[in-house]
Amino acid sequence: MSGGAASAPKPLPSSGPKSLREMPHPLATSSSEEMGPALTPSPDLLLPRSIADKDLSLPNGTPVDTSSPASSSSLLNRLQLDDDLDVETRDLFVTVDDPKKHVCTMETYITYRVTTKTTRAEFDLPEYSVRRRYQDFDWLRNKLEESQPTHLIPDLNAYKKQGMALLSKMGESVKYVTGGYKLRSRPLEFAAIGDYLDTFSLKLGTIDRIAQRIIKEQLEYLVELREYGPVYSTWGGLEVELSEPLEGVSACIGNCCTALEELSEDMTEDFLPVLREYILYAESMKNVLKKRDQVQAEYEAKLEAVALKREDRPKVPTDVEKCQDRVECFNADLKADMERWQNNKRQDFRQLLMGMADKNIQYYEKCLTAWESIIPLLQDKPETK
């Protein structure tokens with residue numbers, strides 16, 4: 001900035017969220033019993049997150065049941081609460097689970113149960129349970145994006161996209177993403193974040209493709225096993241002396257089929273969705289970086305316009321100071337969101353990989369137990385007549 005009379009900009013700690021009470025929901029007047037009673041939102045309500053596999057309690061000692069009756073692969077039902085989160089976030093727990101299909105005359109749709117447990121004074125009751133549709137979550141996301149433009153708000157619409165179409169976007173370089181804004185340069189720390197997100201997305205995309213091939217091969221192997229086992233049963237029916245051991249082999253192969261089917265199902269419903277949802281998170285973070293670059297470009301353009309006036313002691317216009325404040329706000333919020341996201345990611349992938357290891361161990365133990373169970377049967381010598 002040219003000249004020395006520029007006053008220091010007033011720091012803005014955040015983007016100043018608007019209360020969700022001021023955002024009327026388009027379906028708030030719906031009287032449908034399926035949607036449940038209206039939930040009074042907290043002014044700082046965040047996107048729903050599930051807190052799994054932890055013994056948690058509210059500040060007043062009330063235990064929080066985090067178990068889900070439905071088996072869900074969504075990351076919303078896998079995310080855990082950070083151990084080092086601010087105390088202010090520990091008095092509000094929101095879980096999303098129990099998807100149900102509704103068939104009506106005009107449409108078919110799915111609703112999800114949203115359970116809120118809290119000790120906050122803004123809520124009239126300590127616990128709420130309502131059912132909401134996808135469009136309700138989409139409405140909330142849009143409102144959060146409007147009121148919190150400097151924060152990471154995951155893209156719900158991306159869940160409906162085809163995986164490969166989405167993964168094809170992962171290779172976009174930072175130069176391509178920011179090319180339209182004509183930045184002088186992206187700060188090194190944010191350039192490093194952009195490079196990391198590109199690499200992270202590509203790695204997850206590669207793991208996703210290989211995992212899909214593994215699942216495909218497992219399913220093909222499962223088909224062969226299901227044809228393989230009955231052959232021994234048929235053979236045993238033709239030879240009475242060998243019927244017992246042959247039936248044992250057939251049953252053993254059947255048990256292995258069941259174990260493999262469970263392993264494939266776990267990978268399809270638990271492992272792959274988490275990978276894909278983290279790819280979507282990375283894309284959302286890239287979008288926030290893109291918005292930050294746009295604000296920085298706007299700030300640089302305003303600075304250049306002021307410098308072109310060639311005044312000895314030009315006074316920095318208020319709009320330039322506000323733009324600088326926006327840049328600083330974006331930088332602070334983005335770094336905080338990135339740190340929080342990294343902490344969550346480490347927890348989630350530790351849990352995910354431990355779960356995958358455990359499922360594979362269980363699979364091989366079941367197969368080992370099945371084969372070991374028929375060894376005594378095969379070792380028995382038939383009685384000679």
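Thr95 stands opposite Thr115 of strand 4, in a predicted model where strand 3, residues 92-103, and strand 4, residues 108-118, pair in the antiparallel sense over 10 bridges. The protein chain that holds this pairing has 6 helices and 5 strands, and, read along the sequence, these elements follow the pattern β-β-β-β-β-α-α-α-α-α-α. Of the 385 residues in the protein chain, 42% are buried.

**Strand pairing**

- Strand 3 and strand 4 form a hairpin, and 4 residues lie between the two strands.
- Strand 4 is also joined to strand 5, residues 127-133, through 7 bridges, and these two strands run antiparallel.
- Within the pairing of strand 4 with strand 5, Lys117 stands opposite Glu127, the latter being a residue of strand 5.
- In a regular strand, the side chains alternate between the two faces of the sheet.

**Nonpolar cores**

- The largest nonpolar core has 33 residues, and those with the most contacts inside this core are Leu197, Tyr278 and Trp341.
- Helix 4 (188-238), helix 5 (243-307) and helix 6 (318-379) each supply at least two residues of this largest core, and helix 5 gives the most to it, with 16 residues.
- A second core, separate from the largest one, has 16 residues, including Leu225, Tyr232, Leu246 and Ala370.

**Surface and the loop between helix 4 and helix 5**

- The accessible surface of the protein chain comes to about 22,800 Å², and carbon and sulfur atoms account for 55% of this area.
- A nonpolar patch on the surface is formed by Trp235, Leu238 and Leu242, which together have about 320 Å² of accessible area.
- Leu242, a member of that patch, has its place in the loop between helix 4 and helix 5.
- Leu242 counts as partly exposed because its relative accessibility is 33%, a value that falls in the range between the cut-offs of 20% for buried and 50% for exposed.

**Contacts along the sequence**

- Among the contacts in the protein chain between residues at least 6 apart in sequence, 76% join residues that are at least 24 apart.

Note on methods. Residues numbered from 1 in each chain as written. Predicted model: local features only at pLDDT ≥ 70, side-chain atom pairs only at ≥ 80, totals over all residues. Heavy atoms only, no water. Buried < 20%, exposed > 50% of the residue type's maximum accessible area, 1.4 Å probe, protein only. Contact = heavy atoms within 4.5 Å. Areas by Shrake-Rupley, 256 points an atom, 1.4 Å probe, with all protein chains shown as cover. Core = buried A, V, L, I, M, F, W, Y, C linked by side-chain atoms within 4.5 Å. Patch = residues over 30% accessible without salt bridge, like charges linked within 9 Å, V, L, I, M, F, W, Y side chains within 5 Å. Salt bridge = Lys/Arg side-chain N within 4 Å of Asp/Glu carboxyl O. Pairing = 2+ DSSP bridges.
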